[in-house]
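Reader: I should like to go through this model term by term and to hear the grounds for each description. Please set each value against its criterion.

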Amino acid sequence: MLRWRITLGVIFSAAIAALCWADAQAQTPGTWLLPLVVGIALLATDELSRMLAARAAAPLGIVTYVGNGAIVLAAGASHWWPQATGDSWSWPALALAGAMIAAIAEEVYRYREPARQTERLAAAALALVYIGLLLSFAVQLRFVEPVGAVGLGAIASLILVVKMCDIGAYTVGRLIGRHKMAPHLSPGKTIEGAVGGLAFAVFAAWLSFVVICPRLESATARQIDVWQWLGFGITVGAAGMLGDLAESLLKRDLGRKDSSTWMPGFGGVLDLLDSILVAAPVAYVWWEYLL
């Protein structure tokens, strides 16, 4: 199983690196990466819907699928469509509001008698915010000013910090983990592992801002102080761990071990995406306001 996980990890990393390279060569930023994120949003929505349905909860309606795709696409609207007015966040906000209104309209139209309509609307709201809105922050990282290689550096820093934190927490936890961090929610996670994960996250932040980003940005490279990459590593790494626990909460409550089984050793899309979803807004705040 470990060999399979390593093999899949290498394949995923190579595929993402190739897409980032292709996106860097494209005339319009996001040409290659944005369709990928839309596809990921739809797969994650489908997994969440199946998890809900398996526990006799209300599955998500088609409006939620369309809504999450629209929210992610809207995150790049003001950058792809020069005629678009408003700031970069007005379009995702409108897409979110429109999707929620459509979900309400759908339930009003279908109503014949009480049949868990409130539960379906609550599930739709969860999916639209948890997947669509949070993922749109990752999309916005691609368009960090000045648009170009800087955005690729922002995305790389998010993924590298979060995944290195995962690796560090798993490795240190297996080696010296003794004290359970959330025994009822995720028994395998330890306090020692969390500390190790944050240490790995800080190293990944240093690697991102001192080694990788200056080479990507070349003449536009900004000077990063120690407190910035240190703070980025700690806060984004901690947010990633919270994201991992958030999905564990959903799976525990819905009686599932993995979000799906189509990737043995990894689980499903949500299992790969969980930490990035919660870490993306934190990374966005750093890149947009604190760096």
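**Grounds for the descriptions**

Author: Of the contacts in the chain between residues at least 6 apart in sequence, 71% join residues at least 24 apart. The model is a predicted one. Its secondary structure comprises 10 helices and 2 strands, arranged along the sequence as α-α-α-α-α-α-α-β-β-α-α-α. Of the 291 residues in the chain, 46% count as buried.

Reader: Why is cysteine 165 called buried?

Author: Buried means under 20% relative accessible area. Cysteine 165 has a relative accessible area of 1%, and is therefore buried. Cysteine 213 has 4% relative accessibility, so cysteine 213 also counts as buried. The structure holds 0 disulfides.

Reader: What makes valine 285 partly exposed?

Author: The term applies between the limit for buried, under 20%, and the limit for exposed, over 50%. Valine 285 has a relative accessible area of 37%, and is therefore partly exposed. The residue is placed in helix 10. By the same reasoning, serine 90, at 26% relative accessibility, counts as partly exposed. Serine 90 belongs to helix 5, residues 90–110, and its C-alpha is 9.0 Å from that of serine 78, 12 residues away in sequence.

Reader: Which residues make the nonpolar surface patch?

Author: Trp227, Val285, Tyr289 and Leu290 make this patch of about 440 Å². A patch residue must have over 30% relative accessible area; valine 285, with 37%, therefore satisfies that condition. Helix 10 (residues 269–290) gives the largest share of the patch, 3 residues.

Reader: How do you know that arginine 110 and glutamate 106 meet in a salt bridge?

Author: The criterion is a side-chain nitrogen of Lys or Arg within 4 Å of a carboxyl oxygen of Asp or Glu. For arginine 110 and glutamate 106 the N to O distance is 3.7 Å, so the pair meets the criterion. Both residues lie in helix 5, 4 residues apart, about one turn of the helix. Arginine 110 is partly exposed, with a relative accessible area of 42%. The structure holds 9 salt bridges.

Reader: What makes aspartate 271 and lysine 251 a salt bridge, and which parts does the pair tie together?

Author: The closest N and O atoms of aspartate 271 and lysine 251 are 2.9 Å apart, which is within 4 Å, so the pair qualifies. Aspartate 271 lies in helix 10 and lysine 251 in helix 9, so the salt bridge ties together parts that are 20 residues apart in sequence. Both aspartate 271 and lysine 251 are buried. Glu247, Lys251 and Asp271 are joined into one network by salt bridges that share partners. Within this network, lysine 251 also forms a salt bridge with glutamate 247, with closest N and O atoms 3.7 Å apart.

Reader: What does the largest nonpolar core contain?

Author: This core has 62 residues, and those with the most contacts inside it are Leu141, Leu158, Phe232, Val236 and Trp287. Its largest share, 12 residues, comes from helix 10. A second, separate core of 6 residues includes Ala74, Ala95, Leu96 and Ala99.

Reader: Which residues are in contact with valine 236, its neighbours within four places in sequence left aside?

Author: Valine 236 is in contact with Leu158, Val161, Val162, Ala279, Val282, Ala283 and Trp286. In soluble globular proteins, nonpolar side chains tend to be buried together.

Methods: Residues numbered from 1 in each chain as written. Predicted model: local features only at pLDDT ≥ 70, side-chain atom pairs only at ≥ 80, totals over all residues. Heavy atoms only, no water. Patch = residues over 30% accessible without salt bridge, like charges linked within 9 Å, V, L, I, M, F, W, Y side chains within 5 Å. Areas by Shrake-Rupley, 256 points an atom, 1.4 Å probe, with all protein chains shown as cover. Buried < 20%, exposed > 50% of the residue type's maximum accessible area, 1.4 Å probe, protein only. Disulfide = S-S within 2.5 Å. Core = buried A, V, L, I, M, F, W, Y, C linked by side-chain atoms within 4.5 Å. Contact = heavy atoms within 4.5 Å.
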